[in-house]
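Open the model in your viewer and keep the selection box handy. We'll go stop by stop, with a note on what to pick and what you'll find there.

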Amino acid sequence: MDTNRRGFLGAIGRVTIGAAASIAGVTEASASEIATGGPESAVKTKDGHTVHWGMVVDLRKCIGCQACTVACIMENDVPEDSFRTHVSVYEVLKDRQDPAMVMLPRLCNHCDDPPCVPVCPVEATFKAENGEVLVDASRCVGCAYCVQACPYDARFINHETQTADKCTFCYHRTQEGLLPACVETCVGGARNFGDLNDPDSEVSRMLRDNEVSVLRPEMHTNPNVYYIGLDEALDGRVAGEAAYHPPLTSNTHHEESL
Amino acid sequence: MEIHELVGAVHDAAWLPWAVQYFFLIAISTTAFLMALPTFVLGNEDGLPRARLALMVAVTTGITAPIALLADLHQPFRFWEFYAYTHTTSWMAWGAWIVPVYVGGVIAFAWALHRPALHAMGQENWRFAWVFRWLALGGETNWFVIPLGLITGAAALGILTYTGMEVMIVRARPLWNTPLLPLQFAATGFVGALGMMLMLERVLDHSKTLEVRLNRQLVFALAVVGGLGAIWFTLARSGLSSAHTEALTSVAGFTVWRMIAIWGGLAIAVPFVIALIQPAHTGWLTGLIAIHAAWMFRWTVFMGGQAVPKVGSGLYDALMPTGVAGLLGVIGTFGLWLFLLIAYTTFMPWTEAGLPRRSAGAPRPARSI
């Protein structure tokens, strides 16, 4: 299974885009069935087991180019002042050594015990069968309780739809056998995506072969986004000097700062 | 290790000033109602002047609060979904059921108490008598005040519980995730309610006895708030409660939070000392500071809490989100409350609200303040 852009580009010479479903080893399902949570909406492998999507981010390969940030915005029509994913960049000075630049891609962790789900008063946010945490925008009342409950600041109120918004692991793409946009566009192959239930998948192999960690382990949310090479000092609220935050001059809700 | 964040995303507050207004007004309404209820249920005639003021506060803030809450929904016309798709694991979903019971109850309770006076005004020969006959619904009995009051009282306790728990269970925000928070919301609610009653007493009543009594009760309420604050700080500093320690750690070291702590301490200490030493002729001052203390506590918890990044560094600029629009929202909510207060004192015979009749017999005489 090819789980990053490099692998995908290698495979594209052998199969067509339309047959990408077979690359990921999954069968297609109707996206419209997701709201009902019906069994048909779950992606299954040819051997019949239900796929459980996860991501492994190899921080050694991330160069902080923000291509994933831009790809996500373009793919998902994310409003100008918001992010479903972005790459935090830190300058770390350790033991009087030269400063090191550390990149940290952030996105929804699609937790197995998501704190955002039980607080939703109308069950608009839910855990899909393949592990994605999704929002039914047609039901969301925009109370923002889930935004408060998320320990990763991965949710926001979309001020064009006036509903809660977040990363979906590019649900519409994975249903068609494609990789999430951020994974497909990742220049360094840092983002790897695949089936955690498949012991032979690349992501499962990476989890076996590397020491991995998750963000905010103390929250016990069982995230499905893993990091290779994550410094403990960065896995929670980063105690350091903040980036320049432009003063709020309008009704904006997310602002990139440099 | 030294860390400098070079690129990060700013997350603006998702609960806006209208949410603060809701939590502020509903706490004042429920605590005021709980202060009014014993007088009417137990038939304590001496307590009527105070209970009338408390009921006035409960009704006017109780109607304003849910309007502020709707304004904070980003999809206010989908409010019906709270009832169509109730998610029982969410405190907010329970709140959606408790709020209308309480608001309906407090309005019905006030109406029932005023029914004999409304009926009497409808029997007089004057231009708008028909309006009051209609308001009295053609009768004057109000034996149902007590069961209605007990149901509404239970709903008021339900609101104090759900509003506290709804915020307290959010583990992602350390400043909210402290077991003392529901008690602090309730205690500051009593402070705000007594502050409003003191101000209304100065405007509508001018009774020195009542002013002194309200100031004495304010002293007690402020002492409880101060005591809870001291326990909170002790638990945080000693490490006896990891939740409180984490809450303190999340804001410690920031100059703005040091200023807020001093400001909050003064907002409790100053009216406490004034009301204790000079309970007469200080109602305006202690009342205003008490209202400010209750409001400021919520503003700090909600807006200040959302200014603390969950993963990023430093603080977000969330203490005054949405700029002038947010400020206008706050002012607008107070404007609506003021309108309701004027309407209540103009059209309701509020000085006639007496003890309910126990049976269908002759009404007990009402005494106006």
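Start with α2(B) and α4(B): they cross in a left-handed way, meaning that the near helix is turned anticlockwise from the far one by less than a right angle (clockwise would make a crossing right-handed). To find the pair, select residues 48–72 of chain B for α2(B) and residues 91–123 of chain B for α4(B). Their axes come within 10 Å and cross at roughly 145 degrees. Axes here are lines fitted to C-alpha atoms, for helices over the stretch in contact, with angles running from 0 to 180 degrees between N-to-C directions. Helices (H or I, at least four residues) and strands (E, at least two) are DSSP runs, numbered from the N terminus.

Before moving on, some housekeeping: this is a predicted model, in which local features need pLDDT of at least 70 and side-chain atom pairs count only at pLDDT 80 or more, while totals for chains, interfaces and linings use all residues. Residues are numbered from 1 along each chain as its sequence is written, and chains are lettered from A and ligands numbered from 1 in the order in which they are written.

Now show side chains at that first crossing. From α2(B), pick Leu55(B), Ala58(B), Val59(B), Gly62(B), Ile63(B) and Pro66(B); they meet Val99(B), Tyr102(B), Val103(B), Val106(B), Ile107(B) and Ala110(B) of α4(B). Contact means that the C-beta atoms, placed from the backbone, lie within 7 Å. The tally for this contact is eleven nonpolar residues, one polar and no charged, where Ala, Val, Leu, Ile, Met, Phe, Trp, Tyr, Cys and Pro count as nonpolar, Asp, Glu, Lys and Arg as charged, and the others, Gly among them, as polar.

Keep α2(B) on screen and add α7(B), residues 181–205 of chain B. Here the angle is about 115 degrees and the axes are 9 Å apart. That makes the two helices roughly perpendicular (65 to 115 degrees; under 35 is roughly parallel, over 145 roughly antiparallel, and the rest oblique). This crossing is right-handed. Among the residues to highlight are Pro49(B) and Leu53(B) on α2(B), and Met196(B), Glu201(B) and Asp205(B) on α7(B). The whole contact has nine nonpolar, no polar and two charged residues.

Next, select 255–277 and 283–306 of chain B, which are α10(B) and α11(B). They pack at about 155 degrees with axes 9 Å apart, so α10(B) is roughly antiparallel to α11(B). The crossing is left-handed. Look for Gly264(B), Ala267(B) and Pro271(B) on one side, and His292(B), Phe297(B) and Gly304(B) on the other, all part of the contact. Its residues divide into 13 nonpolar, five polar and no charged.

Now colour chain B by pLDDT, the predictor's confidence in each residue, from 0 to 100. The chain's mean is 92, with 95% of residues at 70 or more. Among its elements, α6(B), residues 145–168, has the highest mean (98) and β1(B) the lowest (89). Go easy on residues 361–369 of chain B, where the pLDDT is below 50. Where pLDDT is low, the predicted coordinates should not be read in detail.

Time to bring in chain A. The contact between the chains takes 58 residues from chain A and 44 from chain B. Which element gives the largest share of the chain A side? β2(A) does, with eight residues. Overall that side has 34 nonpolar, 14 polar and ten charged residues.

Zoom in on β2(A), residues 86–93. Five bridges join β2(A) to β1(B), residues 2–11 of chain B, and the strands run antiparallel; strands pair if DSSP finds at least two bridges between them. Val89(A) partners Val7(B), and Val92(A) stands opposite Ile3(B). In β3(A), Val92(A) also has a bridge partner, Ala100(A). β2(A) and β3(A) run antiparallel with seven bridges, and in their hairpin Asp95(A) takes a positive phi near 45 degrees.

Last stop: the open four-stranded sheet of chain A, ordered β8-β1-β10-β9 with mixed pairing. β8(A) (191–195) and β9(A) (212–213) sit at the edges with a single partner strand each, so one side of each lacks a neighbour in the sheet. Add helix α8(A), residues 202–209, which packs on the sheet and touches β1, β8, β9 and β10 of chain A.

Conventions: Two residues are in contact if their C-beta atoms, placed from the backbone, lie within 7 Å.
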